[in-house]
Structures are given as structure tokens and as C-alpha cells.
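Here's a quick briefing for anyone meeting this structure from scratch. Take a look at the model, then come back for a walk through its contacts.

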Amino acid sequence: MTLLPEPAQPDPSVTDIDLALLREAISIADDAVSHGNHPFGALLTDGSGAVVLRAENSVTTDRDVTAHAETNLVRLATRQYSFADLATCTLYTSCEPCAMCSGAIFWAGIGRVVYALDEVGLLDITTAEGDSPMLMLPCRSVFAAGARPVDVAGPALLDEARRPHLGFWG
Ligand SMILES: [Zn+2]
């Protein structure tokens, strides 16, 4: 008998303010698809909670396999903000950051991450649709290996976060 992983349960620590910002990240994921890329979006809020940067996945149009939404956002953020400033920032993303993006977030010094769809939830969709090998390593595992804490909240809005992916990976 094969035991399938339990579907993720929403993280109760995600606040109503977080949910509104995750909905915006999911909307950015829709924009990425309309621009010819994969359905992922991310944004950054500063210490006051204001949105200061947004980024889409651009893997296809940039012909850059590292151009995930969160890594694109980190590139923008570290050009504009100090390490100390980024410690007060929160990165919101439509899907749990992969190991590469989690590493980039760690190196940027961003203090908090909130994600919508978990990586197992994404894998369920990509597997069902027959595409996309994934690098399965929870972001909390990557951050736990770092010498500086990164607060993580998620998953949340699972049904809304699945929507941009359904039918995309087939
Ligand atoms: Zn990534």
C-alpha cells in the first residue's frame, strides 16, 4: 500500500493582511502566464507593510532557468535595499519557494516569507498533468540550515493558488 502525503492544511498564522498580499502574488502569477512564462509571482513589502517591489517568473522569455519569481525579486531587492532593511521586509509568493529561491532569500537577508501553494500541492498538479520535474525540498528545511532565522508562514489560499496551474502543465 502506498501512503500518499496528506493534503496541506492552511497555516493559521497567516493573517488577513497576508491573505490580501498573497492574492496579489497570485494575480502576478496570472500576469506571468499572459507574458508567456510559468505561473509564479512574488512581491516584497517593507517594514511598514507597503508593497515596494513585484516580480514575475521570466524563465521562458529570458531563456534563464534561474528566473523564478522570487529570485527575480531578490535581484531587484538587493540592488535597492540594504541587508538591514531587507531584514524588516516580507516576501510574498504564490507558491512555496524552491531550494534555489530559498537560498537567494536567505542570502538577501529577507526576514519573512509567506507562501500560498505548498510544493507538494504543486507537485500533485504537475504530476497529474505529466510535466515538470521538481526539486523537492521544503523551504523551511533550507532556512533551518541557515545561521540566521527566516520566519515562514504558509500554505494559504490553496484553492486560489492552484488555479493558475490547472491546465498549465499539460
Ligand atoms: Zn524557485
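How exposed is Arg162, going by its relative accessible area? Arg162 turns out to be partly exposed, at 27%. Keep in mind that this is a predicted model. Below we go through its zinc site, its salt bridges and its aromatic pairs.

**The zinc site**

- Three residues act as protein donors for the zinc ion: His68 through ND1, Cys98 through SG and Cys101 through SG, at 2.1 to 2.3 Å from the ion.
- Along the sequence, these donors follow the spacing H-x29-C-x2-C.
- Two of the donors, His68 and Cys98, link distant parts of the chain, 30 residues apart. His68 sits in the loop between strand 2 (51-56) and helix 2 (69-80), while Cys98 sits in the loop between strand 3 (90-95) and helix 4 (99-108).
- His68 is partly exposed, with a relative accessible area of 25%, whereas Cys98 has 17% and counts as buried because the cut-off for buried is under 20%.

**Salt bridges**

- Searching the whole structure turns up 6 salt bridges, and here are some of them.
- One joins the side chains of Asp18 and Arg112, with N and O 2.8 Å apart. Asp18 belongs to helix 1 and Arg112 to strand 4 (residues 112-117), so this pair links parts of the chain that are 94 residues apart.
- Is Asp18 buried or exposed? Asp18 is buried, with just 2% relative accessible area. Its partner Arg112 is partly exposed at 22%.
- Another joins the side chains of Glu160 and Arg23, again listed at 2.8 Å from N to O. Here the link runs between helix 7, home of Glu160, and helix 1, home of Arg23, with their positions 137 residues apart in sequence.
- Both ends of that bridge count as partly exposed: Glu160 has 31% relative accessibility and Arg23 has 40%.
- Then there's Arg162, the residue we opened with, which forms a salt bridge with Asp159; their closest N and O atoms are 2.7 Å apart. Arg162 and Asp159 both lie in helix 7, 3 residues apart, or about one turn of the helix.
- Asp159 is exposed, with a relative accessible area of 64%, while Arg162 is partly exposed.

**Aromatic pairs**

- The whole-structure search also finds 3 aromatic pairs.
- Phe40 and Trp169 make up a tilted one, with 6.2 Å from centre to centre and 50° between the planes. Why does this pair tie together separate parts of the chain? Phe40 is in the loop between helix 1 (16-34) and strand 1 (41-45), and Trp169 is in the segment after helix 7 (158-162), so the pair connects parts 129 residues apart in sequence.
- Phe40 and Trp169 are both buried.
- Phe106 and Trp107 give us an edge-to-face pair, because their planes meet at 70°, beyond the cut-off of over 60. The ring centres of Phe106 and Trp107 are 5.1 Å apart.
- Which way do these two residues fall, buried or exposed? Phe106 is buried, with a relative accessible area of 17%, but Trp107 is exposed, with 68%.
- Finally, ring pairs link Phe40, Phe168 and Trp169 into a cluster.

How values were computed
Residues numbered from 1 in each chain as written. Predicted model: local features only at pLDDT ≥ 70, side-chain atom pairs only at ≥ 80, totals over all residues. Heavy atoms only, no water. Phe/Tyr/Trp six-rings, centres within 6.5 Å; stacked < 30°, edge-to-face > 60°. Helix = DSSP H or I, 4+ residues; strand = E, 2+ residues; numbered from the N terminus. Buried < 20%, exposed > 50% of the residue type's maximum accessible area, 1.4 Å probe, protein only. Salt bridge = Lys/Arg side-chain N within 4 Å of Asp/Glu carboxyl O. Donors = N, O, S within 2.8 Å, 3.2 Å for Na, K, Ca; no water.
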